[in-house]
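Biologist: Could you take me through one part of this model up close? I'd like to hear about the largest pocket, what lines it, and how that part ties in with what lies around it.

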Amino acid sequence: MEEQVILVNEKDEQIGLMEKIEAHEKALLHRAFSVFVFNDKNEVMIQQRALGKYHSPGLWTNTCCSHQKPGETNTQAGERRLQEEMGFTTPLKEVTSFIYKAPFDNGLTEHEFDYILIGHYNDVPQINEEEVASWKWVTLDFLKKDIEANPHIYTAWFKIIFEKYYQYISK
C-alpha cells in the first residue's frame, strides 16, 4: 500500500487522506513535520537527502522530516521517523508550525502545514542509506552563513525555516 498523507485546511483540520505522490502532484495542503536535533555543544544535526529521493535528492536539510500517519501525534511521528531515517530516537518538543508551498523541477509541489520539532542527542546516528546520504553536526551560525552563500545545496523548507522561523530553533 502506498504511503498516505493527511490532507488539512489552513487551520490544520483534517479533511481527508491521499496517496503521497498524488498530493504532491496536485499541490494539496497536507500535514508534515521537520525535526531539529541538537547536541550539548548547541550544534544541530543535519542530513543530506539520499540521491534516490523523489524530490530534493542530495540536498542538505534538517535532522529528519516526513508526514504524520493517521492517529499519530506530531511528536510520535517525529520520533518514529528519527528512528527510520537516523537510527535513534529522542523525546521531541513541538515549538511552532507554518504553511509553505514549494514547487520542484520534477512537477511535484510541497504544500505543507509543517510542525517544527526540537530534540536533544549526543551520539552518532545509524543512518538508513535509502533515506540519508550523509550527516553532520554544525552550528546555527555556520548554517545561516552557508545557506546565504550556497542556497542551492539546501531544501526549500529548510531555507524557509531559517529565514522566517529561526527564533524557534535557536537557543
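Modeller: Sure, and let's start with the lining: helix 2 gives the largest share of it, four residues. Keep in mind that this is a predicted model. Strand 3, strand 6 and strand 8 also supply at least two lining residues each, as does helix 2. The pocket itself has a volume of about 300 Å³. It has 23 lining residues, and those closest to its centre are Lys 20, Cys 65, Ser 66, His 67 and Arg 81.

Since helix 2 matters so much for your question, here's a closer look at that helix. Helix 2 runs over residues 74-86, and at 1.5 Å a residue its 13 residues should span 18 Å; the C-alpha atoms at its ends are 17 Å apart, so the two values agree. Right after helix 2 comes Gly 87, with a positive phi near 75 degrees. As for burial, the buried residues of helix 2 are Asn 74, Ala 77, Gly 78, Arg 80, Arg 81, Leu 82, Glu 85 and Met 86. So Arg 81, one of the residues closest to the pocket centre, is on that buried list too. The cover over these buried residues includes strand 3, strand 4, strand 6, strand 7, strand 8 and strand 9.

Now for the cores. The largest nonpolar core has 25 residues, and the members that touch the most others are Phe 36, Val 44, Ile 116, Leu 143, Phe 158, Phe 162 and Ile 169. Strand 3, strand 4, strand 7, strand 8, helix 3, helix 4 and helix 5 each put in at least two residues, with helix 4 giving the largest share, five residues. Take Ile 116 as an example: leaving aside residues up to four places away in sequence, it touches Ser 34, Phe 36, Lys 93, Glu 94, Val 95, Thr 96, Phe 98, Ile 161, Tyr 165 and Ile 169. There's also a second, separate core of 18 residues, and Leu 82 belongs to it, along with Ile 6, Phe 33 and Tyr 115 among others.

Ile 6 takes us over to strand 1, residues 4-8, where four of the five residues are buried. Strand 1 pairs with strand 2 (residues 14-19) in the antiparallel sense, over five bridges. Gln 14 in strand 2 is the bridge partner of Val 8. Five residues sit between the strands of this hairpin, and Asp 12 has a positive phi near 65 degrees.

Notes
Residues numbered from 1 in each chain as written. Predicted model: local features only at pLDDT ≥ 70, side-chain atom pairs only at ≥ 80, totals over all residues. Heavy atoms only, no water. Buried < 20%, exposed > 50% of the residue type's maximum accessible area, 1.4 Å probe, protein only. Pairing = 2+ DSSP bridges. Core = buried A, V, L, I, M, F, W, Y, C linked by side-chain atoms within 4.5 Å. Contact = heavy atoms within 4.5 Å. Expected span 1.5 Å × (residues − 1). 1 Å grid on protein atoms, 1.4 Å probe; cavity = no way out; pocket = protein on both sides within 12 Å on 5 of 7 lines; lining within 4 Å. Points joined across faces, edges and corners; volume = space filled by probe spheres on them.
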